[in-house]
Amino acid sequence: MQLSVEELLHYTEEERQRWEHWFRENGEEMLKMPLAGESETTVGALILHIFGPELRYVQRLRNETLSEYRGRPCVHVDEVFGFGLGTRKSMRDFVRTAKPEEWARVVEFNIAGRTYRATVRKIVLHALLHEVRHWAQMARIMRDRGFAPPGDHDLLTSSALL
């Protein structure tokens with residue numbers, strides 16, 4: 001028995017909803033909170049980085065032009081999480097229409113000067129696990145700054161699996 005892509009999609013969608021609700025309750029100004037680093041320098045930019053690669057991986061799998069997500073507006077909950085709704089729609093559409101033999105297809109692509117080769121299955125799972133890792137990072141950031149992150153974040157406590 002294996003954890004399915006559908007189950008991971010469900011789990012990450014619950015997490016997105018939990019965080020969106022949390023940011024609405026705690027105020028949009030939280031999205032402007034500065035972060036150390038050179039690329040994602042605010043909480044809002046980090047959330048865009050959670051969503052942006054999902055879209056770009058789907059675009060790679062479809063052999064489409066890659067969208068740029070860095071620099072998008074990220075100070076309002078609607079613009080940040082609205083972007084996430086769009087990236088998830090792209091991922092769900094890809095997963096729904098991929099034929100069984102598609103999952104084993106090997107794709108080669110470059111990111112930041114490094115070449116990667118992976119199956120479609122591995123790329124989709126990577127995109128979803130990338131998101132899980134960054135939501136955990138977000139929870140740590142909020143705890144370090146004196147805020148309680150929203151709810152239980154574990155797969156065990158989600159409704160994705162019974």
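What follows is a working chat about a predicted model.

Q: How many aromatic pairs does the structure hold?

A: The predicted model holds 12 aromatic pairs. One of them joins Trp19 and Trp135, whose ring centres are 5.5 Å apart and whose planes meet at 10 degrees, so the pair counts as stacked, the cut-off for that being under 30 degrees.

Q: Where do Trp19 and Trp135 sit in the chain?

A: Trp19 belongs to helix H1, which covers residues 5–26, while Trp135 belongs to helix H4, which covers residues 120–144. The two are 116 residues apart, and the pair thus links distant parts of the chain.

Q: And are Trp19 and Trp135 buried or exposed?

A: Trp19 and Trp135 are both buried.

Q: What about Trp22 and Phe147, how are those rings arranged?

A: Trp22 and Phe147 form an edge-to-face aromatic pair, with 6.5 Å from centre to centre and 85 degrees between the planes. This pair also links distant parts of the chain, with Trp22 in helix H1 and Phe147 in the segment after H4, 125 residues apart.

Q: Which accessibility class does each of the two fall in, Trp22 and Phe147?

A: Trp22 has a relative accessibility of 5% and so counts as buried, whereas Phe147 has a relative accessible area of 30% and is partly exposed.

Q: Which residues form the aromatic cluster?

A: One aromatic cluster is formed by Trp19, Trp22, Phe23, Phe51, Phe81, Trp135 and Phe147, and it therefore includes the members of the stacked pair, Trp19 and Trp135.

Q: Staying with H1, what is its end-to-end distance against the expected span?

A: With 22 residues at 1.5 Å a residue, H1 should span 32 Å, and its end C-alpha atoms lie 31 Å apart, which agrees. Just after H1, Gly27 takes a positive phi of about 105 degrees.

Q: Which residues of H1 are buried, and what covers them?

A: The buried residues of H1 are Val5, Leu8, Leu9, Tyr11, Thr12, Glu13, Glu14, Glu15, Arg16, Trp19, Trp22 and Phe23. What covers them includes H2, H3 and H4.

Q: Same check for H4, what span should it have?

A: The 25 residues of H4 should span 36 Å at 1.5 Å a residue, and the end C-alpha atoms of H4 are 36 Å apart, which agrees. Just after H4, Gly146 takes a positive phi of about 90 degrees.

Q: Glu131 caught my eye, is it buried or exposed?

A: Glu131, which is found in helix H4, has a relative accessibility of 1% and so counts as buried, the limit being under 20%.

Q: Which residues does Glu131 touch?

A: Leaving out residues up to four places away in sequence, Glu131 touches Thr12, Arg16, Ile50, Phe51, Glu54 and Arg88. Of these, Thr12 and Arg16 are among the buried residues of H1.

Q: Changing topic, how much space lies in the largest pocket, and which residues line it?

A: About 220 Å³ of space lies in the largest pocket, and its lining is made up of Tyr57, Phe109, Ile111, Tyr116, Arg117, Ala118, Lys122, Ile123 and His126. E1, E2 and H4 each supply at least two residues of that lining, which by class has six nonpolar, one polar and two charged residues.

Q: And the second largest pocket, how much space is there?

A: About 170 Å³ of space lies in the second largest pocket. The residues lining it are His49, Pro53, Arg56, Tyr57, Arg60, Glu68, Tyr69, Arg70, Ile111, His126 and His130.

Q: Which element gives the most to that lining, and what is the mix by class?

A: H2 gives the most to the lining of the second largest pocket, with five residues, and H2 and H4 each supply at least two. By class, this lining has four nonpolar, three polar and four charged residues.

Q: Last topic, what is the phi of Asn63, and where is that residue?

A: Asn63 has a phi near 60 degrees, a positive value in a residue other than glycine, and its place is in the loop between helix H2 (43–61) and helix H3 (77–97). With a relative accessible area of 73%, Asn63 is exposed.

Q: And Ala112, what is its phi?

A: The phi of Ala112 is near 50 degrees, again a positive value in a residue other than glycine. Ala112 is found in the loop between strand E1 (106–111) and strand E2 (114–119), and with a relative accessible area of 83% it is exposed.

Technical notes:
Residues are numbered from 1 along each chain as its sequence is written. This is a predicted model: local features need pLDDT of at least 70, side-chain atom pairs count only at pLDDT 80 or more; totals for chains, interfaces and linings use all residues. Side-chain values use heavy atoms; hydrogens and water are left out. Rings of Phe, Tyr and Trp (its six-membered ring) pair if their centres lie within 6.5 Å; planes under 30 degrees apart count as stacked, over 60 as edge-to-face and the rest as tilted. Helices (H or I, at least four residues) and strands (E, at least two) are DSSP runs, numbered from the N terminus. Buried means under 20% relative accessible area, exposed over 50%, partly exposed in between (1.4 Å probe, protein chains only). The expected span of a helix is 1.5 Å times one less than its number of residues. Contact means heavy atoms within 4.5 Å. On a 1 Å grid over the protein atoms alone, a cavity is a set of points where a 1.4 Å probe fits but cannot get out, and a pocket is an open set with protein on both sides within 12 Å along at least five of seven lines; lining residues have an atom within 4 Å of a point. Grid points are joined across faces, edges and corners, and a volume is the space filled by probe spheres set on the points. Ala, Val, Leu, Ile, Met, Phe, Trp, Tyr, Cys and Pro count as nonpolar, Asp, Glu, Lys and Arg as charged, and the others, Gly among them, as polar.
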